[in-house]
Amino acid sequence: MVNGRSERSVVAVVGVGGLGKTTLAGKLFNNDGLKTHFSSRAWVTVGKEYNKNELLRTVIKEFHSFSGQPTPVEIHKMEEMELITTLRGHLKDKNYMVVFDDVWKIDFWGDVEHALLDNKKCGRIIVTTRHMNVAKACKSSSPVHIHELETLPPNEAWKLFCRKASGPSSGGCCPSELKELSQDILGKCEGLPLAIVAVGGLLSTKNRVVSEWKKLFDRLGSILGSDPHLKDCNRVLSEGYHDLPHHLKSCLLYFGLFQESCK
């Protein structure tokens, strides 16, 4: 991000929902050293659907906002080429950093590439996406740097779970009588940080007794959509379902006919 090539470069953070792509990008974006290094920054949430001109307007607004400059009043009247010219003009003498979070479309890079000027001042672009083909498409004069996130290893998943489920007063320790059940609950999370944080946070509101935690374990699937502690996890899972091809949606719903652990 700081000591690399002077040409504009792209870093893509790739992984399934719940792995922490946005969290990682946010840590970089808010890093004090990077705040000082880059003279202009912008954070833009893209999402599944967007209008190209509105996306360019948002990028311009975000860059001006973080620079403390007023957004051009005529921006809402501008068409594509005017928006590109305005954005390139703003970036011409700046070393900039921009995060495009939650990118879904493979055409995305083509919609923004020419607007993000390569002024040889170490411009850095971070893209978070669930899809490797989207990441690979974000190449320009040099290959895109792809950082593929993995699920947490068992020891790290356990540490995170204990910290969230047991609360700060416990020092992150899990009572011995809850350890086996905790491992079963943790197994449901499959190493996804978002799921671990969500379920751990929910457990922290329960009494630390086997009967309470067992009740939650048995009902974990049914409460996913209704408990506010799990709303972020439910949103991520829902997006994953809606992104499946039609035949796999039907297949997944078919499995819902069977009881859990049915063989």
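This text leads from the sheet of the predicted model to the helices that accompany it.

The sheet is open and is formed by 5 strands, whose order is E2-E3-E4-E1-E5 and whose pairing is parallel. Strands of a sheet pair through backbone hydrogen bonds, in either a parallel or an antiparallel manner. At the edges stand strand E2 (40–47) and strand E5 (145–148); each has a single partner strand, so one side of each is left without a neighbour in the sheet. From one strand to the next, the twist averages 15 degrees.

The pairings can be followed strand by strand. Strand E3 (residues 96–103) and strand E4 (residues 124–129) run parallel and are joined by 5 bridges. Within this pairing, Val99 has Ile126 in E4 as its bridge partner. Strand E4 is also joined to E1, through 6 bridges, and these two strands run parallel as well. Here Ala12 stands opposite Val127 in E4. E1 is further joined to E5 by 4 bridges, again in a parallel arrangement, and Val11 stands opposite His145 in E5.

Strand E1 (residues 9–14) thus has a partner in E4 and another in E5. How many of the 6 residues of E1 are buried? The count is 5, so strand E1 is largely enclosed by the rest of the structure.

Attention now turns from the strands to the helices. Helix H3 packs on the sheet, where it touches E2 and E3. The direction of H3 makes about 145 degrees with that of E2. H3 therefore touches E2, a strand at the edge of the sheet with a single partner strand.

H3 also has a helical neighbour. Two packed helices are described by the angle between their axes and the distance between the axes. For helix H3 (residues 52–67) and helix H4 (residues 80–91), the axes come within 10 Å and cross at roughly 25 degrees. This angle is under 35 degrees, which means that H3 is roughly parallel to H4. The crossing in which H3 passes H4 is left-handed.

The contact itself draws on residues of both helices. H3 contributes Lys52, Asn53, Leu56, Arg57, Val59, Ile60, Phe63, His64 and Ser67, which meet Glu80, Leu83, Ile84, Thr86, Leu87, His90 and Leu91 in H4. By class, the residues of this contact divide into 8 nonpolar, 5 polar and 3 charged. Among the nonpolar residues are Leu56 and Phe63 of H3, while Lys52, Arg57 and Glu80 are charged.

Conventions:
Residues are numbered from 1 along each chain as its sequence is written. This is a predicted model: local features need pLDDT of at least 70, side-chain atom pairs count only at pLDDT 80 or more; totals for chains, interfaces and linings use all residues. Side-chain values use heavy atoms; hydrogens and water are left out. Axes are lines fitted to C-alpha atoms, for helices over the stretch in contact, and angles run from 0 to 180 degrees between N-to-C directions. Angles under 35 degrees count as roughly parallel, over 145 as roughly antiparallel, 65 to 115 as roughly perpendicular and the rest as oblique. A crossing is left-handed if the near helix is turned anticlockwise from the far one by less than a right angle, and right-handed if clockwise. Contact means heavy atoms within 4.5 Å. Two strands pair if DSSP finds at least two bridges between them. Buried means under 20% relative accessible area, exposed over 50%, partly exposed in between (1.4 Å probe, protein chains only).
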